[in-house]
2 protein chains.
Amino acid sequence: MGEGDKDFYHGKRVLVTGGLGFIGLNLSLRLLELGAEVTVLDNFVPPDSSGAIEQLRSRLKIALADIRDEDKVERVVREQQVIFNLAGKSGAADSNTAPLNDLDINCRGHLTILEACRRLNPQVGIVFPSSRLVYGKPRYLPVDENHPIAPESIYATHKLTVENYHLIYGRLYGMKATVLRISNPYGPMQSGDARAYGIANKFIKAAVAGTSISIFGEGEQRRDYLYIDDLTEAFLAAGCREEARGKIYNIGDKRSVTLLELAELAVAVAGRGGIVKVPWPEEYLAIETGDYQSAIGLAQKELGWSPLTELQEGVARTVAFYQQ
Amino acid sequence: MGEGDKDFYHGKRVLVTGGLGFIGLNLSLRLLELGAEVTVLDNFVPPDSSGAIEQLRSRLKIALADIRDEDKVERVVREQQVIFNLAGKSGAADSNTAPLNDLDINCRGHLTILEACRRLNPQVGIVFPSSRLVYGKPRYLPVDENHPIAPESIYATHKLTVENYHLIYGRLYGMKATVLRISNPYGPMQSGDARAYGIANKFIKAAVAGTSISIFGEGEQRRDYLYIDDLTEAFLAAGCREEARGKIYNIGDKRSVTLLELAELAVAVAGRGGIVKVPWPEEYLAIETGDYQSAIGLAQKELGWSPLTELQEGVARTVAFYQQ
């Protein structure tokens, strides 16, 4: 993010929906550093093991509400200048087990927010985090934004649906929305439901706890893992650049490693834990997408953004967080 | 459709959801002709000006229920061998005015049906009618199934979502679903809400009534109009071919005409009515997709299907229907 981009947030009224989740907490803290007036909308306060939420309470507004609650959503979106629309339920495997629940939270919730913005605040800038999972099994690598779309889970299907909501509200009502297709974020400050953790955090947490990291099969799939601070900068860049409106950007790391390499790195950096290979659980095998590598040239060019944190460094910082 | 395909339906238990709508009525009548045991699921009985519904009552089961009603849906899908999944709310302009309603009927409704099938009848064959609108404004013509996806309305977005539901339930649970991306169907037996009529039927009905056909702008957009009997045959072919499972097919006519040419044909065949050019209403201009022509080679090859009715002939039959 350029210096101009950072100044942009000073004194701006910014809403972070899902702001008490992993990405939301990191983004909110960064926005406070940049001098923004931050409101967080979330439907529950997760276990605050790191003390991050307690630390935030005095510095920002926390609106406890569900994004499906039209009245409360209307009240909170009115005065905002930028909305980072992070709320929702994550987890591809879960979404297949409870598809109607995923539909209700992830589609109805986001449509409720967009309708409120259309009526009360159509000028607001919006950034929506989608997922690399909308591409399904890659047909070529690295995967750019023109890669065919083939979601393999209800979660990915609904991410695509909500992408389309944002783009359509842009075309129909001139609303200023940007979509980020994010690869595999990891880093400090994941809290809440452990099942919703990304795989990298699960591995690092297990290593720090001295337990075994379970690898499905041989762990040969390659993925690019994106350090949370780099992801935060991508959100900030997308939220302030006019040329990003109505656009979709892949946001991921420049290089990929195998799951086994990631696990070995976590164990080496933590100096504890181990690795055990287990058979693939059926529900994960069904949605496994194989190797993935983001092509991030468009974001580098148009958002002036690039990931800066090497995997080794990111894992070390995350290990340090869990060791506290 | 080949002769073998026709025999397939003899004695088969077939469910047509949305079976009292335009496509549903035509398909149900054809299924009865082929000797199928037809159940129709619909949430209301539309005005029966043609007497078609009265004629059907003694020959098939009508289950009056909403597709969002889990208990009733479960009861009706249990024993079926093929489901034509036509239920839902049509209308792209309407969907943008009431997006949450469109979400509830078109996404929650179809997910409810699929969940019921997964639990109680995973062997059933399913055909889902999607729309050519999932492609948005064509980047090239004719539009084949690999054309990029860019829905311009909430309706088209939700059609895409439900396509993905069907494909995902195929991959995850081995369910046998086929998706048809339909262009612009027209023909006899449209009943119910006049706003949901296709443009061709609107034109023909206006001409027969001796009123003016309103053309937006110059009426230069080209479209391929598919006669309902040809569409019905496409459904039947898709519902009985194992090789169609998990696939998407464009279903449209072989040639396109401009809206103005269509209106002139309607007036000429009806021998009444006229044409008036009016400015584009904003809500239609916002979702206008320009020229469209289906590429139907894949359906011709794999379904053994091809449209047989010339536009002149189809319009003449539809005029005759409205003249009754």
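Mentor: Let's start with pLDDT, which is the predictor's confidence in each residue, on a scale from 0 to 100. What you have here is a predicted model, in which local features need pLDDT of at least 70 and side-chain atom pairs count only at pLDDT 80 or more, while totals for chains, interfaces and linings use all residues. Residues are numbered from 1 along each chain as its sequence is written, and chains are lettered from A and ligands numbered from 1 in the order in which they are written.

Trainee: What pLDDT does chain A average?

Mentor: The average is 92, and 96% of the residues of chain A score at least 70. The model as a whole has an ipTM of 0.92 and a pTM of 0.94.

Trainee: What makes the relation between chain A and chain B a two-fold axis?

Mentor: Chain A falls on chain B after a rotation of 180° with 0.0 Å of shift along the axis, at an RMSD of 0.0 Å. That is how a two-fold axis relates its copies. The superposition is by least squares on the C-alpha atoms of residues with pLDDT of at least 70 in both copies. In chain A, A:Thr161 comes closest to the rotation axis, its C-alpha lying at 3.1 Å.

Trainee: How do you know which surface the copies use to meet?

Mentor: Contact here requires C-beta atoms, placed from the backbone, within 7 Å of each other. Chain A and chain B bring 21 residues each to the contact. H7(A) gives the most to the side of chain A that touches chain B, with eight residues. Because 100% of the interface residues of chain A are also interface residues in chain B, the copies meet through the same surface.

Trainee: Why is A:Ile215 called buried, partly exposed or exposed?

Mentor: The count is of other C-beta atoms, placed from the backbone, within 10 Å of the residue's own: 20 or more is buried, 12 or fewer is exposed, and anything in between is partly exposed. A:Ile215 has 19 such neighbours, so the label is partly exposed. This residue sits in strand S8 of chain A; beyond four places in sequence, its contacts are A:Leu259, A:Leu260, A:Ala263, A:Ile275 and A:Lys277.

Trainee: What makes helix H8 of chain A largely enclosed?

Mentor: Helices (H or I, at least four residues) and strands (E, at least two) are DSSP runs, numbered from the N terminus. Eight of the 10 residues of H8(A), residues 199–208, are buried, so the rest of the structure largely encloses this helix. Among them are A:Phe203, A:Ile204 and A:Val208. The partners that these buried residues pack against include strand S7, helix H10 and helix H13 of chain A. Just after H8(A), A:Gly210 has a positive phi of about 75°.

Trainee: How do you know that both faces of strand S4 of chain B are covered?

Mentor: B:Val82 and B:Phe84 on one side are buried, and B:Ile83 and B:Asn85 on the other are buried too. In a regular strand the side chains alternate between the two faces of the sheet.

Trainee: Which strands does S4(B) pair with?

Mentor: DSSP must find at least two bridges between two strands for them to pair. Four bridges join S4(B) to strand S1 of chain B, in parallel, with B:Thr17 bridged to B:Asn85. Three bridges link S4(B) to strand S5 of chain B, again in parallel, and there B:Val82 has B:Gly125 as its bridge partner.

How values were computed:
Contact = placed C-beta atoms within 7 Å.
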